[in-house]
Amino acid sequence: MSIDQPLTLSGSPGSPYTRKMLAVLRYRRIAYRFLAGSRRLTGLPAPKVRLLPTFYLPDEAGDLQAVTDSSPIIRRLERSFGARPVIPANPALAFIDALIEDYGDEWLTKCMFHYRWHYAADIRKSATVLPNWMDKPLSDDELAAMGKVFSERQIGRLRFVGSNDITADTIEHSYGRVLDILDRHFASHAFLLGARPGSGDFGVYGQMTQLAHFDPTPMALATESAPRVVAWVATMEDLSGLEPEGSDWLDPAALPATTRDLLCEIGRVYAPLLLANAQALQTGADRVETEIDGRQWVQHSFPYHAKCLNWLREDYRALTGTDRDAARAAMAGTGCEVLFADL
Ligand SMILES: N[C@@H](CCC(=O)N[C@@H](CS)C(=O)NCC(=O)O)C(=O)O
C-alpha cells in the first residue's frame, strides 16, 4: 500500500529513536508531519505498545495503523520511496550496515539510558527539561511534579536496560571506546560506510543526539575527547542537501581500519550480550548472567534482543555466494562472527 505524504509520526526530541527517524525522513526528502509529545490528532489509531516514535501508516486495506520499531519502518520506507536510499545496494555492505544500526539501537541505548538516569546532574536536567516536551506549557509546580514522576519511572526501568552497579563500568568503558573509534573514523570519512549515510549512521546518530548533545555527563566526555562526533551529530540532523552517488559507499571487501575497529567493538560488547540473552530465553531464565569485556554482566533477559538477533540472522541467511563471503571476511576476527557461526 503506497504511503501518502506528508506521513504522520509522533515522538519527542528527547527520544533517540524519534531523532533517528526524523533525520531519515529529512535525508530522504519524505514530507512528514511531526506530532511532538502527547499531541494527538483525532482519528489516529492507538498503538498496541506506546513507543516513541509512533508512525501512522496505511495497512493493506489503506486504513492507518499505529506502527512502531524504527528498523522495520526504515525498510518499509525504502520499499515505498525509491530515491536516496539509506540501505546500501551491495548486500554484504547492507548486512554490515544493519549490524551497526542494531548495535546503535540496542547497545548504545544502554549508554544513553545509563548516563541519563545514573548521575545526579543528568537526572536533574532530564527531570526538568523532558517534561516540557510532553504536552502543554507547565507551571513550576506542574513541572516539578511531572519531573518527579517521570524520573522515578525511568530510573525504575534502568534494570531492564541492564544498567546497574555491576554493569556500569562496562557500559561507560564501551562509550569511551566508541567515541574514540568514531572520532578517528570521522577524520577521513564523512559517514560510517562512506561518503553517504546508511541506516547504521542513523541508529548511532539517534543515541548520540542525547549522549553527545544533551545529557551533561556523556556530553562533556564527547566534547573533550571526540569533537568530530559532536560535529557529525549536528550534520546528521539535516542531510536534505546532500547529493549522494552510488559510488559513495565503501567497498565491503576493503573496509577502513576504523570501520573494522567499530565492528570489533560490536563484537566485544554487543555480540556476547545477544548470545547470552538468546540462551537465557531458551532455557526460560529471566536473568542474563555472563561476562562482557572481562567483567560480570547481569540483566533481565529481554525478548526484543532475541528478535533483533533473529532479524540479523535472517539477513545473513539471505546472503549468497560472494556476498556471504564478503560479509564473513568483513567480520572475521571482530567477534561478530559468533552470531552467525551455526548458519
Ligand atoms: N525498538 C523501538 C524502540 C523505541 C523506544 O524504545 N522508544 C522509547 C523512547 S526513546 C520509548 O518509547 N520508551 C517508552 C516510554 O518512554 O514510555 C524503535 O526502534 O523505535
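**View 1. Pairing of strand 1 with strand 2 in the predicted model.** In this predicted model, strand 1, formed by residues 7-11, runs parallel to strand 2 and is joined to strand 2 by 5 bridges. Within this pairing, Thr-8 has Arg-33 of strand 2 standing opposite.

**View 2. The open sheet of 4 strands.** The sheet is open, its 4 strands follow the order 2-1-3-4, and the pairing is mixed. Strand 2 (32-36) and strand 4 (64-67) are the edge strands, each of which pairs on one side only. From one strand to the next, the twist averages 25 degrees.

**View 3. Helices lying across the strands.** Helix 1, which comprises residues 16-28, lies across strand 1, strand 2 and strand 3 (54-58). The direction of helix 1 is at about 160 degrees to strand 2. Helix 2, which comprises residues 70-80, lies across strand 1, strand 3 and strand 4. Helix 2 runs at about 35 degrees to strand 3.

**View 4. Packing of helix 1 against helix 3.** The two helices pack at an angle of about 145 degrees, and their axes are 11 Å apart. Helix 1 contributes Pro-16, Tyr-17 and Lys-20 to the contact, while helix 3 contributes Glu-101, Asp-105, Glu-106, Thr-109 and Met-112. Classified by type, the residues of this contact are 3 nonpolar, 1 polar and 4 charged.

**View 5. The largest nonpolar core and the surroundings of Met-208.** The largest nonpolar core has 87 residues, among which Trp-107 and Met-208 touch the most other members. Helix 3 (residues 91-118) gives the most to this core, supplying 16 residues. Domain 1 (7-80) and domain 2 (91-340) each provide at least three residues to the core. When neighbours within four places in sequence are left aside, Met-208 is in contact with Leu-108, Tyr-175, Val-178, Leu-179 and Leu-182, and also with His-213, Val-229, Trp-232 and Val-233.

**View 6. Arg-124 in helix 4.** Arg-124 belongs to helix 4, which spans residues 120-129. Arg-124 counts as exposed because its relative accessibility is 53%, and the cut-off for exposed is over 50%. Along the chain, Arg-124 and Asp-215 are 91 residues apart, and their C-alpha atoms are separated by 9.8 Å.

Terms used:
Residues are numbered from 1 along each chain as its sequence is written. This is a predicted model: local features need pLDDT of at least 70, side-chain atom pairs count only at pLDDT 80 or more; totals for chains, interfaces and linings use all residues. Side-chain values use heavy atoms; hydrogens and water are left out. Two strands pair if DSSP finds at least two bridges between them. Axes are lines fitted to C-alpha atoms, for helices over the stretch in contact, and angles run from 0 to 180 degrees between N-to-C directions. Contact means heavy atoms within 4.5 Å. A nonpolar core is a set of buried Ala, Val, Leu, Ile, Met, Phe, Trp, Tyr and Cys residues joined through side-chain atoms within 4.5 Å. Buried means under 20% relative accessible area, exposed over 50%, partly exposed in between (1.4 Å probe, protein chains only). Domain bounds come from an automatic or database domain assignment. Ala, Val, Leu, Ile, Met, Phe, Trp, Tyr, Cys and Pro count as nonpolar, Asp, Glu, Lys and Arg as charged, and the others, Gly among them, as polar.
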